[in-house]
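Below are some notes on helix packing and internal cavities, set out as numbered points for checking against the coordinates.

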Amino acid sequence: MNRTLAAVVAVGTILAACGNDDDSGADESSTEIESGRDGAAQDAEGDLVETADTQPPTGVFEDDTDAADTDASDEPATTDAMAEATEDAGGDTAPESEGGLDSGEAADPADDAEAPLDDSEVDPDDTGDRSGDEAGDDSEGGLFEEDGPAPEPSTDAEDRLDDNRFEDYGYRDFVEAATDPLSTFALDVDTGSYSVGRRFLAEGSLPPRESVRPEEYVNAFDYDYDAPRDGLEIGVDGGPSPFDEDNVLVRIGVQGEVVDADDRGDATLTFVIDTSGSMDRDDRLGLVKQSLTILVDELEDDDRVAIVTYSDSSGIVLEPTRVSDRDTILDAIDGLESGGSTNLESGLREGYELARNAFNEGGINRVIIASDGVANAGITDVDALGRFIRDDADNGIDLVTVGFGLGNFNDVLMEQLADNGDGFYAYVDTLDEAERLFEDELTSTLLTVAKDAKIQVEFDDRFVDSYRLIGFENRGVRDSDFDNDAVDAGELGAGHQVTAMYEIRLVDGVSLGDRAELGIVALRWEDPDSGEVTEIDEDIDLRDIEERWTDTPDDFQLATVVATFAEKMRDNPYADDVDMDDLAVEAGRIADEMDSDDVDELAQLVRDAADLT
């Protein structure tokens, strides 16, 4: 009996030990993602400053309702991963703009002001305030109030959510119109930041603050802008600010002409595909192959596709092949396999050489990178790689970067390469997103209709006390360079839209019913075919700004909710008094009104984010 009991105890001990080993393995495969949030505001000279001293006003998003007092945390923190991202990316990654930025811009490249705050300036153990307190008033109209301190966010995430590289560009502070009435920036049609945020939320984690670029969140949605017959057109409207009941929000919408696929020239697309070992996952190379298959079905028979792959080195998998020979293209896609290190430089060199040799005069010429953004062989510095592709961009070979996967994903490299290559950056996280990008957006926007497009807003200090541009922190242009056509700016494809949101403090005594203009929006761009430069402008009329939220158009409300969501996700102190639960209610109401799958998805994302805070 004793021997039997001893045997039972021994077996139990062995089973317990095996169970402990399994639990240990599970713990090792799941790590916590840092959600530390350091913020940086800009002083009147255009330098970055710590956010700890910033005291944003309270605010509501409801007609005829007073703001609630709050006790928001004002000491966001930084993360080691952010500093590593800057070091790995080669330091300063802002677009080159000769002489730096004017006041009102978030960073001055000449002064290297974009570098993250060092550890002596912030508390590395402070994870920052994600706000999103208990639900406030859920009444119609969407009241944005805080009732108490926010709980600590849930940070459980799988390994694939760790070791991703993002750049912190800070945020813009209010600028006094009397001191600096001009605000100038390059247009940007990127949407990658929003898709990245969606991926994090799908994994049950809030996106890292530094991954959020508000303009890319806003630009991920379509708005009801009038399309011009050719070139670009401006639209301006406005309404109450969700951040401060005394302020207004002004939306500037830019719409590119729409060109039918039958009217565009033939396209020559050279794909540069990362087939290194890090791409050996269904959400990376597997999704790339699905995406390319979708695209081939959308292209015209006379379009051409070429494929270059890179890992330890690069090689041509498919010479430029007409889409009419679909089976040959699809066989090349199906045969893609992963393995080895990541020599992005080699892939770019071979891809651009192939694109130059196959250049279609009078047609569309693009290089499209599909990668997780990792570069660990050859030239890896993003600035050096950007300079390498600059001449080709000037000669008509634009670059599109498409990011795949998370976990050691380099958002900085993908976004900055697209900027230097006169293209745009997108991120594919699901098959649905692949279909949206490769089936709908990419094919319709292949034709570039505007090069070096930039905006300059001149505010009238008789009516505007101060203003802040929401987002575009790394797209600033010197005010004096607005009419300098040698300065690189943004490119827009056919049908592309760009939306910019300004929060404005009016001068005391100014009413929205007054007959006055707050300022003038000027838009300047170059025709890619003729080289002719066009400049148009539009007034910001007080009467175009609605006093009541319920009187604003649905698509203005959508843009406002998206911009507010982005400001919350990046812990901008100016959004501290916006309650995430109330924002979720507002997003849900707009989704019901607009009946759109994209807006339905947004409403769910806002609800998910509210539940995580």
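How do the residues of the lining of the second largest cavity divide into nonpolar, polar and charged? The points below, which concern a predicted model, begin with that cavity.

1. The lining of the second largest cavity divides into four nonpolar, two polar and six charged residues. The cavity itself has a volume of about 60 Å³, and the residues that line it are Leu187, Asp188, Val189, Asp190, Ala418, Asp419, Asp422, Gly423, Arg475, Ala489, Gly490 and Glu491. Two elements, helix H9 (411-420) and strand S17 (490-493), give two or more residues each to this lining.

2. The structure holds eight cavities of 30 Å³ or more, and the largest cavity has a volume of about 110 Å³. Its lining is made up of 13 residues, and those that lie nearest the centre of the cavity are Asp168, Tyr169, Gly170, Val212 and Arg570. Sorted by class, the lining of the largest cavity comprises three nonpolar, two polar and eight charged residues.

3. Turning to helix packing, helix H12 (residues 580-594) packs with helix H13 (residues 597-612) at an angle of about 165°, and their axes are 8 Å apart. Because angles over 145 degrees count as roughly antiparallel, H12 and H13 are described as roughly antiparallel to each other. The crossing of these two helices, H12 and H13, is left-handed.

4. On the H12 side, the contact with H13 is made by Met580, Asp581, Leu583, Ala584, Ala587, Gly588, Ile590, Ala591 and Met594, while H13 contributes Val599, Asp600, Ala603, Val606, Arg607, Ala609 and Ala610. By class, the contact of H12 with H13 has twelve nonpolar residues, together with one polar and three charged residues.

5. A second helix pair worth examining is formed by helix H5 (residues 282-298) and helix H6 (residues 326-334), whose axes come within 10 Å and cross at roughly 170°. That angle makes H5 roughly antiparallel to H6. In the contact, Lys289, Leu292, Thr293, Val296 and Asp297 of H5 meet Arg326, Ile329, Leu330, Ile333 and Asp334 of H6, and the residues of this contact divide into five nonpolar, one polar and four charged.

How values were computed: Residues numbered from 1 in each chain as written. Predicted model: local features only at pLDDT ≥ 70, side-chain atom pairs only at ≥ 80, totals over all residues. Heavy atoms only, no water. Axes fitted to C-alpha atoms, helices over the stretch in contact; angles between N-to-C directions. Helix = DSSP H or I, 4+ residues; strand = E, 2+ residues; numbered from the N terminus. Parallel < 35°, antiparallel > 145°, perpendicular 65-115°, else oblique. Left-handed = near helix turned anticlockwise from the far one by under 90°. Contact = heavy atoms within 4.5 Å. Nonpolar A, V, L, I, M, F, W, Y, C, P; charged D, E, K, R; others polar. 1 Å grid on protein atoms, 1.4 Å probe; cavity = no way out; pocket = protein on both sides within 12 Å on 5 of 7 lines; lining within 4 Å. Points joined across faces, edges and corners; volume = space filled by probe spheres on them.
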